[in-house]
Amino acid sequence: MATPLLALDSVTKEFGSIRAVDEVTLDIPESEVTAVIGPNGAGKTTLFNLITGRYELTDGQIELRGERIDQLEPQDIVQQGLARSFQITNFFPDLTALENVRLAAQAQRTGLTPGALLQHYDDQSETREAARDVLKRLDLLDIAEEQAGSLAHGQQRHLEIGIALACDPDLLVMDEPTAGMSPDETVETRELVEDLAEDITIVIIEHDMDVVMRVADRLAVIENGSLLTVGPPSVVREDERVQQAYLGGETA
Ligand SMILES: Nc1ncnc2c1ncn2[C@@H]1O[C@H](COP(=O)(O)OP(=O)(O)OP(=O)(O)O)[C@@H](O)[C@H]1O
Ligand SMILES: [Mg+2]
């Protein structure tokens with residue numbers, strides 16, 4: 001079998017006496033959309049924080065293209081081609097949409113954090129061009145010069161995806177990209193994810209089951225920090241344990 005793009009092996013995270021992520025072993029194959037679902041507090045965001053280097057693992061290991069990444073700093077992991085968007089909106093509200101994306105592109109090229117780059121911030125036309133391409137793909141070119149903080153919620157969430165895309169990832173992990181969105185914005189976001197999936201491997205945490213069932217090639221179900229099951233959506237949705245743990249109950 002081909003090496004998976006991302007491989008989690010017995011990944012565990014404890015916060016004091018809480019085991020938020022409990023020995024999760026999961027392969028993420030290239031070119032697929034894997035949706036991570038599970039009840040509130042199941043450990044999904046914590047798992048993403050481990051994958052992206054924000055938290056140190058208590059135990060286990062993570063490999064990207066067969067190389068360990070679980071000891072790396074978040075910025076170094078981004079440099080390896082793994083970018084993320086957050087459950088909570090995360091950008092510089094006083095900068096324009098274009099500047100936010102451009103800073104991310106520049107951070108990727110220089111290896112500096114966007115925060116460090118702001119210290120010696122100067123205009124660079126090459127990253128401006130890359131940033132415009134990203135905004136175009138997100139259909140945000142018309143608000144390129146607007147302050148990020150003044151955009152509509154849906155636009156802010158898409159901008160945030162743009163910031164991740166500016167890092168030119170092979171693997172994009174998205175934490176609830178439709179959170180807080182109107183039904184129309186949710187449909188737009190679903191279409192965006194489908195578009196991105198054509199050339200980027202995606203791991204997405206998503207509560208909206210309509211979105212999940214349409215975009216996902218595989219479903220991974222997390223309950224109480226553990227991986228309950230993983231497989232094609234049509235199989236997983238019929239699993240009795242999954243229906244009990246999640247699908248039959250509240251979905252948000
Ligand atoms: N930094 C932290 N310190 C202590 N406990 C934490 C921390 N982050 C998460 N937890 C705990 O870990 C568990 C899993 O939380 P997590 O945010 O990963 O769940 P989730 O599946 O993303 O939930 P949701 O669907 O509500 O976003 C919870 O019990 C939470 O309180
Ligand atoms: Mg979460």
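1. Helix H1 (residues 44-51) lies across E1, E2 and E4. Against E1, H1 runs at about 115°. Note that this is a predicted model.

2. Now the sheet under H1. Four strands make it up, and the sheet is open. Their order is E2-E1-E4-E5, with antiparallel pairing. The edges are strand E2 (18-28) and strand E5 (67-68). Each edge strand has a single partner strand, so one side of each is left without a neighbour in the sheet.

3. Look next at the pairing of E1 with E4. Strand E1 (residues 6-15) and strand E4 (residues 59-64) run antiparallel and are joined by five bridges. To find the register, start from Ala-7: its bridge partner in E4 is Glu-63.

4. The helix pair H3 and H6 deserves its own point. Two packed helices are described by the angle between their axes and the distance between the axes. For helix H3 (residues 97-110) and helix H6 (residues 153-165), the axes come within 7 Å. They cross at roughly 25°. Angles under 35 degrees count as roughly parallel, and H3 and H6 are therefore roughly parallel to each other. Their crossing is right-handed.

5. Which residues of H3 and H6 meet? From H3 come Ala-97, Asn-100, Val-101 and Ala-104. From H6 come Leu-159, Gly-162 and Ile-163. The residues of this contact divide into five nonpolar and two polar, with no charged residue. Gly-162 counts as polar here.

How values were computed: Residues numbered from 1 in each chain as written. Chains lettered and ligands numbered in written order. Predicted model: local features only at pLDDT ≥ 70, side-chain atom pairs only at ≥ 80, totals over all residues. Heavy atoms only, no water. Axes fitted to C-alpha atoms, helices over the stretch in contact; angles between N-to-C directions. Helix = DSSP H or I, 4+ residues; strand = E, 2+ residues; numbered from the N terminus. Parallel < 35°, antiparallel > 145°, perpendicular 65-115°, else oblique. Left-handed = near helix turned anticlockwise from the far one by under 90°. Contact = heavy atoms within 4.5 Å. Pairing = 2+ DSSP bridges.
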